[in-house]
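Open the model in your viewer and keep the sequence panel visible. The tour begins at one residue and then widens to the strands, the helices and the whole chain.

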Amino acid sequence: VSIAALFQNQASSLKEWIEHHKQLGVQYFYLYNNLSEDGYLDVLIPYIEMGEVELIQWPVTGDVDEKEVYTHALALA
């Protein structure tokens, strides 16, 4: 089971969010960073190194078309 999610400046809750979804059975995460400036990478590096997270930079200003994000994730999967 995989999940795709878009985030911005949510480093303080990323670990808890990932661990919660792992308990629900998610095995792989496609995480899309939208211009975060809050130390998110420090949280994600261990998961990336374990092969559980693929980090995709999504540097879109203004309104983000979530359909584009999820279409991209589907193509990756």
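Select N33 to begin; this residue lies in strand β2. The model is a predicted one.

**Stop 1: around N33**

Is N33 buried or exposed? Its relative accessible area is 3%, and buried means under 20%, so N33 counts as buried.

Now show the side chains of N33 and S36. They make a polar contact with each other at 2.6 Å.

Next, select what else touches N33, leaving aside residues up to four places away in sequence. The list is F7, Y40, L55, I56, Q57, W58 and P59.

**Stop 2: from β1 to β2**

Select residues 2-7, which form strand β1, together with residues 28-33, which form strand β2. These two strands run parallel and are joined by six bridges. To look at one pairing, pick A4: its bridge partner in β2 is Y30. Then follow the chain between the two strands. From β1 the path goes through helix α1, residues 11-23, and on to β2. This β-α-β crossover is right-handed.

**Stop 3: from β2 to β3**

Keep β2 selected and add strand β3, residues 53-57. Which way do β2 and β3 pair, parallel or antiparallel? The pairing is in the parallel sense, over five bridges. For an example, select F29, which stands opposite V53 in β3. The connection from β2 to β3 passes through helix α2, residues 40-49. Here too the β-α-β crossover is right-handed.

**Stop 4: the whole chain**

Clear the selection and show the protein as a cartoon. How many helices and strands does the protein have? There are three helices and three strands. Read along the sequence, their order is β-α-β-α-β-α. The radius of gyration is 12 Å, close to the 11 Å that the globule rule gives for 77 residues, so the protein is as compact as a globular protein of that length.

Rotate the C-alpha trace: along its principal axes it spans about 30 × 30 × 20 Å. Of the 77 residues, 30% count as buried. Switch to a surface view next. The protein exposes about 5000 Å², and carbon and sulfur atoms supply 51% of that area.

Finally, consider the contacts in the protein with a separation of 6 or more. Residues 24 or more positions apart account for 71% of them.

Notes. Residues are numbered from 1 along each chain as its sequence is written. This is a predicted model: local features need pLDDT of at least 70, side-chain atom pairs count only at pLDDT 80 or more; totals for chains, interfaces and linings use all residues. Side-chain values use heavy atoms; hydrogens and water are left out. Two strands pair if DSSP finds at least two bridges between them. Helices (H or I, at least four residues) and strands (E, at least two) are DSSP runs, numbered from the N terminus. A crossover is right-handed if, with the strands pointing away from the viewer, the path from the first strand over the helix to the second runs clockwise. The radius of gyration is taken over C-alpha atoms; the globule rule is 2.2 Å times the number of residues to the power 0.38. Buried means under 20% relative accessible area, exposed over 50%, partly exposed in between (1.4 Å probe, protein chains only). Contact means heavy atoms within 4.5 Å. Accessible areas come from the Shrake-Rupley method with a 1.4 Å probe; for residues, only the protein chains shown count as cover. A polar contact is a pair of N or O atoms within 3.5 Å; within protein, one must be able to donate a hydrogen and the other to accept it, and residues adjacent in sequence count only if both atoms are side-chain atoms.
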